[in-house]
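Biologist: I'm new to this one. Could you walk me through how to read it?

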Amino acid sequence: MSVDKDTSRLEDALKIALRRQQPPDEFADRVLARAITKESGKPASRLPWLRIFTRPIFAQPVVRWATAAALVAALVGGGIYHRHVQRQRAEGEAAKQQLILALRIAGSKLQLAKSKVQHVQDQTENQEEKE
Amino acid sequence: MKKLSWLILLLALPALTRAQDVKIPPDVEKLSAKAKETVEVTMDGPMLRWASKFLSADDPDEAKAAKLVANLKGIYVRSYEFDEEGAYTAAEIESLRSQVHGPGWTRVVGVRSEHDGDNVDVFFKLENEKMAGIVIIAAEPKELTFVNIVGPLEVDQLADLGGEFGVPKLDQKTLPRSQPKAQGDHK
């Protein structure tokens, strides 16, 4: 008897919980607005670092200009440094060529000295053989 | 008085140190005006280090040269090529030779050839029985060359130069160690 009573109470509660209800008037608008926001937010999620420019601090023109100026300065500085390195390399190559030239000259003159000494030794040996 | 003599000694010290260096006499430097071709290389220690940084480690010749140069303090070369004979005087050559008459210097080769007019001198500077420098003076009829390599230079390192950039392998049998030995048709 009491089981039947409990069952009917549960059924009543379920009926109340699952009864058809009309959504609020602005529900459809809210769903549409959320869907649009999600779609427009996709590219930002691909490049999250770009979001820093949408933050309030970068919204200020002064900060934007300062950032651009810093980027330009970095590019110019990098260019100057690159040219400096290239110039140093060219000067170093020239110094290397000078060094090689100096060694070549020293070598050729040592060769000359050696050939002269060899010539004298050969002559002395020939004279000794004749004697 | 004692302080004064110390002061004089201190002031004279740099000049005394410099006096040990081999300098190219101004008269010889002026020969470039008469020369058809002039080569002047002046590389001191830091310059040598810097230049040697650009020698390729992959190239065996350059790698050997870099090893040799690493211990050197300087390389000085003056080479003048003339159109005609007699562009320089014996006195100018003697002024060059007089630079290497100081203590520590030994002439290991001295060639005087009347036959072709080639005169070559090779001087070694020895410090604690180790080579500390080499000077080559080659006076040919139409060419005058002065080479001064300063720094600790082992004989085997010098021999290592053999074949690199045309540098000959020095046969120690043919290079006497102390006295000038060239004779025969050389005066």
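Biologist: Let's start small: which residue in β6(B) is the bridge partner of B:Ser79?

Modeller: Strands of a sheet pair through backbone hydrogen bonds, either parallel or antiparallel. Here, the partner of B:Ser79 is B:Thr145. One caution: this is a predicted model, where local features need pLDDT of at least 70 and side-chain atom pairs count only at pLDDT 80 or more, while totals for chains, interfaces and linings use all residues. Residues are numbered from 1 along each chain as its sequence is written, and chains are lettered from A in the order in which they are written.

Biologist: How many bridges join β2 of chain B to β6 of chain B?

Modeller: Eight, linking residues 74-81 to residues 143-150, and the two strands run antiparallel. Strands (DSSP runs of E, at least two residues, numbered from the N terminus; helices are H or I, at least four) pair if DSSP finds at least two bridges between them.

Biologist: In what order do the six strands of the open sheet in chain B lie?

Modeller: The order is β1-β2-β6-β5-β4-β3, with antiparallel pairing. β1 (37-44) and β3 (105-112) of chain B are the edges; each has a single partner strand, so one side of each lacks a neighbour in the sheet.

Biologist: And how many residues of chain A are in contact with chain B?

Modeller: Contact means C-beta atoms, placed from the backbone, within 7 Å. By that rule, 28 residues of chain A meet 39 residues of chain B.

Definitions and conventions: Contact = placed C-beta atoms within 7 Å.
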